[in-house]
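Reader: Hi, I have a structure open and want to get to know it. Can we go through it together?
Author: Sure. Put it up and ask away.

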2 protein chains.
Amino acid sequence: MKEIKIIDVKESIFDVNSKEAEELRRWLKEKNIFMINLMSSPGAGKTTLLKATIEKLKGRLNIGVMEADIDAQVDAEAIQSAGARSIQLHTGGMCHMDAGMTKQGLEAFDLEGLDLIILENVGNLVCPAEFDTGAHENVMLLSVPEGDDKPLKYPLIFQVSNLAVVTKIDTKSVFDFDEEAAAQRIRGRNPKAEVLFLSAKTGEGMDAWCEWLLKKTEEFRKG
Amino acid sequence: MKEIKIIDVKESIFDVNSKEAEELRRWLKEKNIFMINLMSSPGAGKTTLLKATIEKLKGRLNIGVMEADIDAQVDAEAIQSAGARSIQLHTGGMCHMDAGMTKQGLEAFDLEGLDLIILENVGNLVCPAEFDTGAHENVMLLSVPEGDDKPLKYPLIFQVSNLAVVTKIDTKSVFDFDEEAAAQRIRGRNPKAEVLFLSAKTGEGMDAWCEWLLKKTEEFRKG
């Protein structure tokens, strides 16, 4: 396996973050690279979903992944094994990524030929939602084992995400998860939010998710 | 159902937090009330475990619960239904509890006759670990669906907790969770850490957890 690149990223000052985020969006637009900020609780299945997505979209979408974690490089290794370019960002204990940190990651990334770059944020339902990373879209995952009440308790992350993906739906029978209640609570936080249900393990719902990625990337490149 | 008391708590300045935490520990010691700070990811099963614990220890340990969340009061309602005193703390968007916030909660709580008070911290594997709440013990939960790699990615919360409880072990067959690897990684972060495995749903492992609580509360009251 190719050695994983690990970048220690430093936090920006809060009030310059919005400006840096706008600059980063413009810079990516010039390069015609679409960026998604992927957020969720720890263990909601971000890396597993990305591995399955890379596999399904091979030859149709050239995806790069930046893995943000406090420590370790297991996720970047997993993505690289799935056949996509990836780097590991270490946040130095920080609970979230901001635009300046994301920029440091992008500068260290080989962006040549990429259509889409996905920032896998630190697993956390609170802090990442407060910081604009410079991504063009925020997507959040809610896993079935976490429960359908999470939109009630963690409002902001549902407000700032235009797509909420409910993951691990193959475990519905094991957990007491009400899909209709979850969708209703998500839309209560963001009436415009799309909600998708899938299992990266069984493949159920993966087509709709991949179609969403293809459509959004195409709209971005034409827009 | 009795109306739930909701307290909006305000954050302390960081450098006075340790001093406030020490004062709070002494104040609780004078009242002979043991306090545990319970931390985990969102949806790892804190409230479900507490409900089952209250049920099992009824008549043996008088437990009060402070539920910290950014929004909602579903957890405090669940605890009250289980027959224990509880209040809901709203953190005003904050990702963690600190000693000053905990004190505000305790001042609003009816502590009369309590043996043990459990602070259910905001669901978050990062920020709560950075702030001393004034509790006598930190306990963290890691749920099977989150995966056995979490001690690699979120070092601090495992370092500051002397007990890690692996929850939802009834779902082991559904998820690819290696108990031995998890325990080894937890002890890699804190060699003194005890590790328990349980399912609040099936009751497996609940006896050892309740024994731990009884033993620690007794040691505290004698100490």
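Reader: Let's start with one residue. What stands opposite Phe34(A) in β5(A)?
Author: Leu116(A) does. Keep in mind that this is a predicted model.

Reader: How many bridges link β2 and β5 of chain A?
Author: Five. β2 covers residues 34-39 and β5 covers residues 116-120, and the two strands pair in the parallel sense.

Reader: What is the strand order of the whole sheet in chain A?
Author: The order is β1-β4-β3-β5-β2-β6-β7-β8. That makes an open sheet of eight strands with parallel pairing.

Reader: Which strands are at the edges in chain A?
Author: β1 (6-8) and β8 (194-197). Each of them pairs on one side only.

Reader: And what is the average twist?
Author: From one strand to the next, the twist averages 25°.

Reader: What about helices? Which strands does α2 of chain A lie across?
Author: Helix α2 (residues 46-56) lies across β2, β3 (63-69), β5 and β6 (137-143) of chain A. Its direction is at about 170° to β3(A).

Reader: And where does α7 of chain A lie?
Author: Helix α7 (residues 179-189) lies across β7 (163-167) and β8 of chain A. The angle to β8(A) is about 155°.

Reader: Do helices pack on each other too? At what angle do α1 and α4 of chain A pack?
Author: At about 35°, with the axes 8 Å apart. α1 spans residues 17-31 and α4 spans residues 99-107.

Reader: Which residues make that contact?
Author: From α1(A), they include Leu24(A), Trp27(A) and Leu28(A). From α4(A), they include Ala99(A), Lys103(A) and Leu106(A). By type, the contact of α1(A) with α4(A) has six nonpolar, three polar and two charged residues.

Reader: Staying in α1, what do the side chains of Glu22(A) and Arg25(A) meet in?
Author: A salt bridge, at 2.9 Å from N to O. Both residues lie in helix α1 of chain A, three residues apart. That is about one turn of the helix.

Reader: How many salt bridges are there over all chains?
Author: The count comes to 32.

Reader: And how many lie across the interface of chain A and chain B?
Author: Four. One salt bridge joins Arg189(A) and Asp71(B), with the closest N and O atoms 3.3 Å apart. For polar contacts between chain A and chain B, the count is ten residue pairs, both residues being at pLDDT 80 or more.

Reader: Which helix gives the largest share of chain A's side?
Author: α5(A), with three residues. The residues on the side of chain A that touches chain B divide into 15 nonpolar, six polar and eleven charged.

Reader: How many residues does each chain bring to the contact?
Author: Chain A brings 32 residues and chain B brings 32 residues. Between them the chains bury about 2,400 Å², with 61% of it on carbon and sulfur atoms.

Reader: Which residues of chain A lose the most area to chain B?
Author: Pro42(A), Lys153(A) and Val174(A). Together they make up 23% of what that side buries.

Reader: Switch to Val174(B). Where does that one lie?
Author: In the loop between β7 and α7 of chain B. Leaving aside neighbours within four places in sequence, Val174(B) is in contact with Thr171(A), Val174(A) and Lys201(A).

Reader: How far apart are Val174(B) and Asn37(B)?
Author: They are 137 residues apart in sequence and 30 Å apart in space, C-alpha to C-alpha.

Reader: Now the sheet in chain B. What is its strand order?
Author: β1-β4-β3-β5-β2-β6-β7-β8, an open sheet of eight strands with parallel pairing.

Reader: Why do β1 and β8 of chain B each have one side without a neighbour in the sheet?
Author: β1 (6-8) and β8 (194-197) of chain B stand at the edges, each with a single partner strand, so one side has no neighbour in the sheet.

Reader: How many bridges join β2 and β6 of chain B?
Author: Four, and the strands run parallel. In that region, Ile36(B) stands opposite Glu137(B) in β6(B).

Reader: Last one. Which strands does α3 of chain B touch?
Author: Helix α3 (residues 74-81) packs on the sheet and touches β3 (63-69), β4 (85-90) and β5 (116-120) of chain B. Its direction makes about 175° with that of β4(B).

Definitions and conventions. Residues are numbered from 1 along each chain as its sequence is written. Chains are lettered from A and ligands numbered from 1 in the order in which they are written. This is a predicted model: local features need pLDDT of at least 70, side-chain atom pairs count only at pLDDT 80 or more; totals for chains, interfaces and linings use all residues. Side-chain values use heavy atoms; hydrogens and water are left out. Two strands pair if DSSP finds at least two bridges between them. Axes are lines fitted to C-alpha atoms, for helices over the stretch in contact, and angles run from 0 to 180 degrees between N-to-C directions. Contact means heavy atoms within 4.5 Å. Buried area is the accessible area (1.4 Å probe) that two parts lose on being put together, summed over both. A polar contact is a pair of N or O atoms within 3.5 Å; within protein, one must be able to donate a hydrogen and the other to accept it, and residues adjacent in sequence count only if both atoms are side-chain atoms. Ala, Val, Leu, Ile, Met, Phe, Trp, Tyr, Cys and Pro count as nonpolar, Asp, Glu, Lys and Arg as charged, and the others, Gly among them, as polar.
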